Number of protein chains: 2
Amino acid sequence: MTHEHIIAQLTKPGDFRVAATDGKARQGYLMTAHGLVRTPVFMPVGTVGSVKSIDPRDLHEMEAQIILGNTYHLYLRPGDDVVARRGGLHAFNGWDGPILTDSGGFQVFSLSGLRKITDEGVEFRSHIDGSKHFFTPEKAISIQQNLGSDIMMCFDECAAYGATREYTEKALKLTTDWAKRCREFHEPGKNGQILFGITQGGFFQDLRERSIEELTALPFEGFSLGGLSVGEPKDKMLEILRASAPLLPADKPRYLMGVGTPLDILDGIEAGIDMFDCVLPSRNARNGTLFTSMGKVNIKRAEFKEDDSPLDPNCDCYTCRTFSKAYLRHLYTAKELLSYRLNTIHNLAYFLRLTKDARQAIREGRFASFKAGVEAVYGPNV
Amino acid sequence: MTHEHIIAQLTKPGDFRVAATDGKARQGYLMTAHGLVRTPVFMPVGTVGSVKSIDPRDLHEMEAQIILGNTYHLYLRPGDDVVARRGGLHAFNGWDGPILTDSGGFQVFSLSGLRKITDEGVEFRSHIDGSKHFFTPEKAISIQQNLGSDIMMCFDECAAYGATREYTEKALKLTTDWAKRCREFHEPGKNGQILFGITQGGFFQDLRERSIEELTALPFEGFSLGGLSVGEPKDKMLEILRASAPLLPADKPRYLMGVGTPLDILDGIEAGIDMFDCVLPSRNARNGTLFTSMGKVNIKRAEFKEDDSPLDPNCDCYTCRTFSKAYLRHLYTAKELLSYRLNTIHNLAYFLRLTKDARQAIREGRFASFKAGVEAVYGPNV
């Protein structure tokens, strides 16, 4: 069956097919209310309703397929009710492609100074003005319904790296209970919004397996690995990733949340992951660290002062087509606002091309050599 | 003679023709090495080599014809020698239209903490690192030759508002002497770069006239009024403008430097000015103050929180075509980088359309009523 035929079978949001495999790596297609997503996919992060410094035209030009919005941030500002009255996040921010919203669980964990967790939910303080708020699983879904995202995530409790087995187990149980409540609160397929379960279990492989078992017993349209890239050593992350990803259902999209570097993404794809998001490319862009086909480049280095070559001769992004390293270095050094924009355009284009190239490599059965080629440039993933 | 025929006669940089007049207002055409400029024209300011937060594609989309670069800033960073080795400012920053560079005289006056003025030139300290530098008229031209701008400005000495008649007269004399040295240093038409004289004279009309008399005796390709908008009351500025602009040669472009608001620009056009530049639209954009066909809008106002209408229904810029006031307010409130970009795109588009509409009004002999229409929205220019 051709890929076109496979895509033609995807008629409703949540429909997903793996169209090619190469080892554990998969190339698939996921239908959403705002269109098709080709996987593996990298999703640029638009925390507060914009992917920082760039606009929807830029996103289309770099072939972004789906972007993220943050439930926690948008709930606090401008307020999910305000977004709902605008017609949802798509109408509000002008991005007409698919949007995934996280559940707020991770931000409540990582951004809010004070948390009080009960079986009912989490009380937390706003990182903006210190005001008190209370999230329940139902509230997290209700906010995401207001935002009108294509893919919603269950409200979860993330255990920190270094958490005890006892706490990790407790967080796991809460995550499962809350996932059930999320699923009950949001009827499958309602308003075209699909819902993914988040698996936890910290850094105890048996707890990871228990969480996956409990979550995948519920009828979600996709599943993620949560609670990784929270400060643990790289080998620990890779160990959990490699052991857990294959346990997620083969016929549903698999999402590795908040990860990561180009090599992390390739390791994820190799382990059978379909979806990725990370602030790394956009945040690093603003700090002058750029990802290229020749490796990482620190654009502020003096050696680029008179370098008229493009940042990456193998990149067709607007930045590389138009400007030299000398100009990019000048903008960065002079703290010009255009620096953030041009660097972000390039870094996101790099991550999007990396996953696009990975899709082609999987289709052509040469993912291992593709990955080895990137590793030859970026070194081993340590 | 049709406008097309007039334009066809402009064969070399510096060629200028007034094609239509309406009262003292003029609609003309100026040829430069990088193409034609339709006047009256507003020139967006790209101080450090970029128009803050936007890129050359944005500038083309908003129909910018010519942009500014700052000699003082680019000399300090990245260095005019560095820019020269890149092939000049056009090759460096990716803008392929005309560029005007100021002479550095005003920045040395307004940005440098310490100045020591002699007949030879000005010693000053860098606002970046406090290092000492010395500008002579020849140095200012040499820097602009390195930058490769289409229009260079003479090095001048600007008298502050409130300066004594004695000091203003001294500054006037220096400005004339330095203008002669600039003209001698840059042979007319060399490398396609044309050179404008800057007239001074502070707030003494007889000194203004003396400066104009002395400067216009020299063979410059255009003339400016300098030293206005330096803190004086509006009526003082308008008085000098109205009395001085008509004294500048009718067959050369007339440039009012660093001015101003939409009403200032219309007053300038009415007095016979052809060219304008100001940081006002871009700087105000970054502060959330936006210029529209209905007047000034402070985008942070609470009333816009749920306002789904575009910022300006009569504006066809990317911002107004794509986003609502509610979204622009949200971006501004959340200090998102995209806010600077979208606001800047709109404000510059407003100033560029204002001058485009003024050109049409002059051609159609209805400039006075066009100006009255804008004044009805923005109030009298006080």
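**Entry 1: an odd backbone angle**

I started at Glu63(A), which sits in the loop between helix 2 and strand 6 (67-69) of chain A. I looked up its phi and found a positive value of about 60°, although Glu63(A) is not a glycine. A reminder to myself: this is a predicted model, and I read each entry here with that in mind.

**Entry 2: cis peptide bonds**

Next I went through the prolines. In chain A, I found a cis peptide bond joining Thr39(A) and Pro40(A), with omega about 0°. I then checked where Pro40(A) belongs: the loop between strand 3 (35-39) and strand 4 (41-43) of chain A.

In chain B, I noted a cis bond from Arg77(B) to Pro78(B), where omega is near 10°. Pro78(B) also has a loop as its place, between helix 3 (71-76) and helix 4 of chain B.

**Entry 3: two helices in chain A**

I turned to helix 8 (residues 165-185) and helix 9 (residues 205-216) of chain A, whose axes come within 10 Å and cross at roughly 10°. Angles under 35 degrees count as roughly parallel, and therefore I logged helix 8 and helix 9 of chain A as roughly parallel to each other.

Which residues meet there? From helix 8 of chain A, I listed Arg165(A), Thr168(A), Glu169(A), Leu172(A), Thr176(A) and Ala179(A). Their partners in helix 9 of chain A are Asp206(A), Leu207(A), Arg210(A), Ser211(A), Glu214(A) and Leu215(A). I sorted the residues of this contact into 4 nonpolar, 3 polar and 5 charged.

**Entry 4: salt bridges and Arg341(A)**

My search of the whole structure gave 58 salt bridges over all chains. One that I followed up pairs Asp58(A) with Arg341(A), their closest N and O atoms being 2.5 Å apart. Asp58(A) is in helix 2 (residues 56-61) of chain A and Arg341(A) is in helix 15 (residues 337-363) of chain A, so this pair ties together parts that are 283 residues apart in sequence.

I then found Arg341(A) in a salt bridge to the other chain: its side chain meets that of Asp55(B) at 2.7 Å, N to O. As a general note, side chains of opposite charge can pair when their charged atoms come close.

**Entry 5: where chain B meets chain A**

How many salt bridges are there between chain B and chain A? I count 12. For residue pairs in polar contact between chain B and chain A, both at pLDDT 80 or more, my count is 21.

On the side of chain B that touches chain A, the elements giving two or more residues are helix 2 (56-61), helix 4 (80-85), helix 5 (89-93), helix 13 (318-322), helix 14 (325-333) and helix 15 (337-363) of chain B. Helix 14 of chain B gives the largest share, 5 residues. By type, I sorted the residues on this side of chain B into 16 nonpolar, 7 polar and 15 charged.

The contact takes 38 residues from chain B and 38 residues from chain A. For the area buried between the two chains I wrote down about 3500 Å², with carbon and sulfur atoms giving 52% of it. Arg57(B), His330(B) and Leu337(B) supply 17% of the area that chain B buries against chain A, more than any other three residues.

Notes: Residues are numbered from 1 along each chain as its sequence is written. Chains are lettered from A and ligands numbered from 1 in the order in which they are written. This is a predicted model: local features need pLDDT of at least 70, side-chain atom pairs count only at pLDDT 80 or more; totals for chains, interfaces and linings use all residues. Side-chain values use heavy atoms; hydrogens and water are left out. Axes are lines fitted to C-alpha atoms, for helices over the stretch in contact, and angles run from 0 to 180 degrees between N-to-C directions. Helices (H or I, at least four residues) and strands (E, at least two) are DSSP runs, numbered from the N terminus. Angles under 35 degrees count as roughly parallel, over 145 as roughly antiparallel, 65 to 115 as roughly perpendicular and the rest as oblique. Contact means heavy atoms within 4.5 Å. Ala, Val, Leu, Ile, Met, Phe, Trp, Tyr, Cys and Pro count as nonpolar, Asp, Glu, Lys and Arg as charged, and the others, Gly among them, as polar. Buried area is the accessible area (1.4 Å probe) that two parts lose on being put together, summed over both. A salt bridge is a side-chain nitrogen of Lys or Arg within 4 Å of a carboxyl oxygen of Asp or Glu. A polar contact is a pair of N or O atoms within 3.5 Å; within protein, one must be able to donate a hydrogen and the other to accept it, and residues adjacent in sequence count only if both atoms are side-chain atoms.
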